[in-house]
Every structure is written in C-alpha cells, then in structure tokens.
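Grab a pencil and have the structure open beside you. Try each exercise yourself before you peek at its solution.

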Amino acid sequence: MPDGYAGETIFAPSTAPGRAGVAVIRVSGRQAGRALSALTGGDGAGGDGTGGGATATDLPAPRLATLRSLRDPKSGEPIDRALVLWFPAPQSFTGEDVAELHLHGGRAVVAAVLAGLGGIPGLRPAEAGEFTRRAFDNGKLDLTAVEGLADLIEADTEAQRRQALRQMEGGLARLTDAWAARLLRVLAHFEAAIDFADEDLPEALDREALDTAAGVASEIRAALADGRRGERLREGLSAVILGAPNAGKSSLMNAIARREAAIVSTVAGTTRDVIEVHLDLGGYPVTLVDTAGLRAGPAGEDEGDNAEAGQWAIEHEGMERARRRAEAADLKLLVFDITGGPGLPPEVLALRDERSLLVLNKMDLGSPEEVAVARRALAGEDGVRGAGCFLVSAETGEGLSDLLAAMIERAGDCFANGMGLAEITRERHRRALEDCCASLEAAAAAALPELVAEELRLAVRSLGRLTGRVDVEDLLDVVFSEFCIGK
Ligand SMILES: Nc1nc2c(ncn2[C@@H]2O[C@H](COP(=O)(O)OP(=O)(O)OP(=O)(O)O)[C@@H](O)[C@H]2O)c(=O)[nH]1
Ligand SMILES: [K+]
Ligand SMILES: [Mg+2]
C-alpha cells in the first residue's frame, strides 16, 4: 500500500452498543471524505475538498470539531445534529483519511447513520480490529503498541492501566529497537568482515563486536527474569482461600468481595466447587478463589453405605480442586477457626509457605484463651508471633482492613517486585526474546564469520517479530550508510 490506503473504505461504531449520551462512528479510507460530505450535504459553507475523497465537498477544517446536520445520503431525511471531525491522511489513527461522527447515542440514530453509510458505494462495515490493523499497516503503531492499546481497553485496574499505557506508548518497542540497533552494528561488522576477507581485520574488533552481542543477550535475559509479573498483571493475581470445613472461608470471601458470592451455612462441606470473584485490590487485579474445606478422609469407614461413599467422592474431588488451585496460587489465605479446638488442622497447616497469610477467624466468638492458643500454635516453638497472621471476624468485619492491607502489599510485591513495571507482558514477547538469546548464544559459539552473521541475523529477526516492523535488510542499509570500515 504505497499510498497508505488499504482499498475499501470501512466504517464502524467505536463506542459500545446500547443507549448512551454520545455514540462515535468512525469512517476510514479513501472515500471517508466523500462519505462525510454525503452525510452533511448542503449543510456546510463550501469546503475546498482537500483530502483523498474523489468528490468531497463541504469538509470541515481538519481536526476541528464542527457541528453539522446529518442527512440520509439517499432520501435527504434529517437524522441527527452531530459533531463531526475530519482527519485527512496521514494525520489520523489509521494513517488514512478518517471521518469521526459524534452522534446522539440513541440506537435508532446510530442505526440510521450506519444504514446511510452502508448505502454509499465503496463503503463497508469494518471487521473486528480492522482500524487498528490499518494503523499497524501504515506504520502508526507497532505490534507491541497494538497489544498495549488492546490491554488499555481491557484494563480494569490502575496498575493494569499504567502497564498498558506504557506499552502502548512504546516502552517495550523502544527497548527492543535499542537492542536491535546494537545487534545490527555487530552484524554489520561481521558482514564487512566477510566482504573484506582479504584485508585481515584485527581480531580484537571481532571480540569487541561479540562482547556487544553478549551484553545485549545478558540485558535481554535480565528482562526475562521478571517473575512473569507483566503477564500476571494482565491476567490478575490469584488469591486462594483455604481451610478446614466451616472455618469461614466462604464468609471471608463474601466479606472481602462485599457481596454474597458464595453460599454460607452451618453445614460443614457447603462449598464443593471452586468459586471465583474478581476484585480490584488497591489497583491490582485479583481473582479471589473460595474452595472446599480440607479434611482427612473418613478413616476406617470404607464399609460405609453407598450414599456416604458417593458424598465422600464428591467432597474428595472438591478438595483435589482446592489443592490444585493452592499450588498455582500467588497468595494463599489459610483460614483457621479459633473456636475449633487446640489442634489446628494438619491438612491446612501443610499448605503454609511464603505465599500464605494466616487468618484466625471468628474472633467475635473466640475467648482470649482460644485466641492465644491459636496464635501459639501458628507461631511455632520459639513463641515468636507468626508474621502474616491476622485475627479477624468474617461475620462482623473486624480485623479485615489489616488483612486487606497485607493482601495489597503482597500483590504489590508480586507485580512490581521492587523493580517497577515489567516490560514483557505476553508469552509472545517472551518467546521472541528467548529465541533472540538462543541465536546470540549460537552466534557466540560459531567459528566462521558467515555463521556468526547468520545467527545475528536470526537474533535481529526475533526482535523484529516482537514489534513486527524490523526488516533486517533495510536496517542494514541504514547502518552501512554510516559505516566506514575498509576505508
Ligand atoms: N460468629 C461468626 N461466625 C462465623 C464467622 N465466619 C463464619 N462464621 C459462620 O461459620 C459457619 C461456616 O461458615 P462458612 O463461611 O460457610 O464456612 P466455610 O469454611 O466456607 O465452610 P465449607 O464451605 O463448608 O467448608 C457459618 O454459619 C458462618 O455464619 C465469624 O467470623 N464469626
Ligand atoms: K459451611
Ligand atoms: Mg464454604
């Protein structure tokens, strides 16, 4: 597409379907100006017809919101009074001519304008992602920016929004481009070494070039060793509530989620399956997971009747699911009922590790004795009060704010890791960077300049896959143009 136009002119609503104050429809492509004229026909003061449209007249000044009456292009029937914007190529989101119509957001208004646009020859409804696709094709966005834009639209929490915006604004692309640029210089060196084989370049230069490549490889490896926190921020952190039957796990989930997401009852074994709620905890996305109570099986009762055996099979499956979720959890809330007697359930204690917070529940019921006993049991022999141990009542809400604060702190540790936001946010990025490192290792091990060059080429190409825009040959031309070896 040398002229930046992908052929057909496309249109689509950019705002969510349904009633709203305002609805925005975008039109992109060579006919966008003509379509805008056709809709606003006879209303303007006579424009100069700049832009790509063949017979566009009355176009508003570029990028200036202008109030116009919209009419059906065929019948002339008035549809709405709307703000229209005209973005001539290439200064638009897609890089093509774009018209934006800010309508009153009634369903009938939107439908009438879409019908009017559909009746204009050369226009068709856009497919999913087609505006962004054109922006990419016209070099307005690289692949990582496209992904950042998608994430920004999906972002539910502050931390997700920040990460998405940073990627959309080119955080990862800048890093990738800088690595690619350094590798290209190394590649240029070896290309030259091949071309000027007779001139016997000093070996020290080879070593220097390979050192640069090794430096890039170690920077990429450092970026990869980020605990997947970028991906985790996109997906959300999983906090799994675990405990014995009737410890108050479902009550705790409901108290944190501030709604009756899970059934609470006095019957032990109420929760059989995994129940999830999605929360915004201090700006971090967290999936809170309630699970079935963990307990030992009915020992010595294997001769019990069939119904009982069936119940146990169901409960057992529920506990298996709970354990699987516990394994994959970023954070585990181990819930203990302080009125449950001195022996804390070993099935639950076994799950203690650095990912867990201990929750002593039912403080409103427990006597000071019971509280002390539970604390002691959790603190271990040395009598030190267990860190990350919280006394709460899921019933009254007492103590919950401290627990929530600790959860937010843990979430912050998981996502930020004290190193700020992650640059890598998808498996796709990770794979491309790992491929790049593998090629750089192969380059370092290669004996002949030809083989080194080939591996470097592959390494640069892997980085190019990340942003979707690096053409090794084009870039080499640029590098060579300022390269004066052999002179
Ligand atoms: N007084 C008081 N009662 C509580 C508290 N937390 C839970 N309960 C009660 O304890 C009983 C069990 O609570 P659930 O939330 O169903 O416990 P659970 O751990 O989800 O139980 P299962 O799903 O059966 O394993 C219910 O009657 C709750 O009302 C609390 O902090 N104080
Ligand atoms: K219960
Ligand atoms: Mg429950």
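**Exercise 1.** Work out how helix α4 and helix α5 pack against each other.

*Solution.* Start with the geometry: α4 (residues 143-154) and α5 (residues 158-168) pack at about 155°, and their axes are 7 Å apart. That makes α4 roughly antiparallel to α5, a label used for angles over 145 degrees, while under 35 counts as roughly parallel, 65 to 115 as roughly perpendicular and the rest as oblique. Axes here are lines fitted to C-alpha atoms, for helices over the stretch in contact, and angles run from 0 to 180 degrees between N-to-C directions. Helices (H or I, at least four residues) and strands (E, at least two) are DSSP runs, numbered from the N terminus.

Next, the handedness: α4 and α5 cross in a left-handed way, where the near helix is turned anticlockwise from the far one by less than a right angle (clockwise would be right-handed).

Now list who touches whom. Thr144, Ala145, Glu147, Gly148, Leu149, Asp151 and Leu152 of α4 meet Gln160, Arg161, Ala164, Leu165, Gln167 and Met168 of α5; contact needs C-beta atoms, placed from the backbone, within 7 Å. Sorted by class, that contact has six nonpolar, four polar and three charged residues. (Ala, Val, Leu, Ile, Met, Phe, Trp, Tyr, Cys and Pro count as nonpolar, Asp, Glu, Lys and Arg as charged, and the others, Gly among them, as polar.)

A word on the source: this is a predicted model, where local features need pLDDT of at least 70 and side-chain atom pairs count only at pLDDT 80 or more, while totals for chains, interfaces and linings use all residues. Residues are numbered from 1 along each chain as its sequence is written, with chains lettered from A and ligands numbered from 1 in the order in which they are written.

**Exercise 2.** Do the same for helix α6 and helix α7.

*Solution.* Angle and distance come first: α6 (residues 171-195) and α7 (residues 203-224) pack at about 155°, with axes 10 Å apart. That makes α6 roughly antiparallel to α7. The crossing of α6 with α7 is left-handed. From α6, the contact residues include Trp179, Leu183 and Phe190, and from α7 they include Leu205, Val216 and Ile220. By class, this contact has nine nonpolar, two polar and two charged residues.

**Exercise 3.** In the sheet that holds β3 and β6, find the strand order and the edges.

*Solution.* Read across this open sheet of six strands: β3-β4-β5-β2-β1-β6, with mixed pairing. The edges are β3 (66-71) and β6 (123-125), each pairing on one side only. Strands pair if DSSP finds at least two bridges between them. Zoom in on β3 and β4 (residues 78-87), which run antiparallel over six bridges. Along the way, Leu67 stands opposite Leu83, and Ser69 stands opposite Arg81. Their hairpin has six residues between the strands, and Gly76 there takes a positive phi near 80°.

**Exercise 4.** Which residues are closest to ligand 1, and what is its shell made of?

*Solution.* Count the shell: 23 residues surround ligand 1, the closest being Gly248, Ser250, Thr271, Gly293 and Glu395. To count as near, a residue's C-beta atom, placed from the backbone, must lie within 6 Å of the molecule or strand. Helix α9 (residues 249-257) gives the largest share, three residues. By class, the shell has six nonpolar, 13 polar and four charged residues.

Key: Two residues are in contact if their C-beta atoms, placed from the backbone, lie within 7 Å.
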